[in-house]
Amino acid sequence: MSKIWDAVIIGGGAAGLFCAGVAGQLGKNVLVLDHAEVLGEKIRISGGGRCNFTNVHSSPANFLSLNPHFVKSALARYSSKDFIKLVTAYGIDYHEKHQGQLFCDDSAMQIIAMLMAECAKGKVTIRHPVSVQSIGHEGDEWLVQTQQGVEKAKAVVMATGGLPVPAIGASAYSLDIAKQLGLNVIEPRPALVPLSFTAETFGNLNDLAGLAVPVRIASGSKGQRYGACRFNEDLLLTHKGLSGPAVLQASSYWVEGEPIHVDWLGAIERPGGFNCDALFNHEDNHLKLTETILASVLPQRLAKAFAEQKNLLGKKWAEVSKKDRQSLKELLTNWSVKPAGTLGWKKAEVMLGGVDTKDLDGQTMMSRKHRGLFFIGECVDVTGHLGGHNFQWAWASGFACAQAL
Ligand SMILES: Cc1cc2nc3c(=O)[nH]c(=O)nc-3n(C[C@H](O)[C@H](O)[C@H](O)COP(=O)(O)OP(=O)(O)OC[C@H]3O[C@@H](n4cnc5c(N)ncnc54)[C@H](O)[C@@H]3O)c2cc1C
């Protein structure tokens, strides 16, 4: 009689390997199948090679999903504290960078090695590269057809991730299987992705590539699919448009055809907050050039570009009309600009959308329509903010699933 696995996990990335290790150590017989030559490639390239593996502040508020409550159970049962405990147990040194983001001191490869060691502890069988041709079921038994034969299992866990970075093996396989088996899929689109602009909307900012500015950014709106956001982060001007943490965060909420809003002075930290009117009305500024006043709060090149945009370059502040001052203030504090698009799957860090959470049980990640069919990680309609939240979702959803196998 051929072997019946407790679970076959399709996809040996962050969520799949973590789930396999936990389930194996709970005594389950687990097989992981992956079509890639090398496992954990997204982990390897993450966080600039140092893997921002979690965030100490990770909470449901850091996730976008059509059902924002869906993440609550899994995140509560496996928190960033739990993953930090595991990392510490493996002697992996790490540091906190910015707003609770934790990175390996040395290399992302340590996280991959840790996941593989956890799988070895749980006696998990891993096969790759192997391509899965079809998934079906006969009664309570799942049949996974691969190019090497059929695997039988009590459960199948779909963990093939999202569509970003097709060059390292990303595929829509989990979404395809979900659709085939009658689950709803929320249309995927690139998120945490740089935004592009036309020369017309971008004007002379094109010449400032490489400049990073702390800003307050806003995009989306309450009535839209994933709501609205406001972040204080660095914005990076590039040859192709806008990037940097501020824009990546805003991109997840951005709706095509709508503007994003940048307050170039909103992230300036002053006791009692920064007051643009006080800067404009300060008596000492009367005889100064417009670009000099702007350069007291902005990088010089940007100050010059803004003065130029408003035809105020070389003009003394006393000569600037009330109307022009108002228009400059609007530009500085509510630069409202329509992106032409995103830089797409090649440059996106994550996928927005995926398997609709209303078809999944938030306690177990199991399909409500098919007993024994699970979806974990990025293929689910759960997308984290930048800063380690996406890996935290991979660990938490993998853990919840492993308990239910
Ligand atoms: C450049 C970059 C940097 C990032 N940095 C961070 C970061 O620092 N912190 C953070 O939290 N998140 C980061 N992310 C996001 C994070 O990598 C993902 O959210 C996370 O890896 C998702 O885990 P997953 O297991 O769902 O998918 P993945 O880790 O992508 O794993 C999916 C696995 O499935 C396999 N697979 C795909 N299709 C098939 C198929 N048809 N058959 C068999 N196997 C298949 C793939 O080969 C892969 O091994 C980054 C992403 C990118 C692209």
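**A parallel sheet, two helices across it, and the ligand shell**

In this predicted model, five strands make up an open sheet with parallel pairing, in the order β8-β3-β2-β12-β22. At its edges are β8 (125-127) and β22 (373-375), each of which pairs on one side only. On average, neighbouring strands of the sheet are turned by 20° against each other, direction ignored. Strands of a sheet pair through backbone hydrogen bonds, either parallel or antiparallel.

One pairing can be followed residue by residue. Strand β12 (residues 156-158) runs parallel to β22 and is joined to it by three bridges. Here Val157 stands opposite Phe374 in β22.

Two helices lie across the sheet strands. Helix α1 crosses β2 (7-10), β3 (30-33) and β8, and runs at about 170° to β3. Helix α6 (residues 173-180) lies across β2, β12 and β22, at about 125° to β12.

Helix α1 (14-25) also leads to the ligand: along with α2 (41-45) and α13 (389-404), it supplies at least two residues of the surrounding shell. The largest share, three residues, comes from α13. The shell comprises eleven nonpolar, 15 polar and four charged residues. Of the 30 residues around the ligand, those that come nearest are Ala15, Asp34, Ser171, Glu378 and Phe391.

Polar contacts to the ligand involve both side-chain and backbone atoms. A polar side-chain atom of Ser171 is 2.6 Å from a ligand nitrogen atom, and a polar backbone atom of Asn52 lies 2.9 Å from a nitrogen atom of the ligand. At Asn390, a backbone N or O atom is 3.4 Å from a ligand oxygen atom. The protein covers 91% of the 1000 Å² of accessible area that the ligand has on its own.

How values were computed:
Residues numbered from 1 in each chain as written. Predicted model: local features only at pLDDT ≥ 70, side-chain atom pairs only at ≥ 80, totals over all residues. Heavy atoms only, no water. Near = heavy atom within 4 Å. Polar contact = N/O pair within 3.5 Å; in protein donor to acceptor, adjacent residues only side chain to side chain. Areas by Shrake-Rupley, 256 points an atom, 1.4 Å probe, with all protein chains shown as cover. Helix = DSSP H or I, 4+ residues; strand = E, 2+ residues; numbered from the N terminus. Nonpolar A, V, L, I, M, F, W, Y, C, P; charged D, E, K, R; others polar. Pairing = 2+ DSSP bridges. Axes fitted to C-alpha atoms, helices over the stretch in contact; angles between N-to-C directions. Contact = heavy atoms within 4.5 Å.
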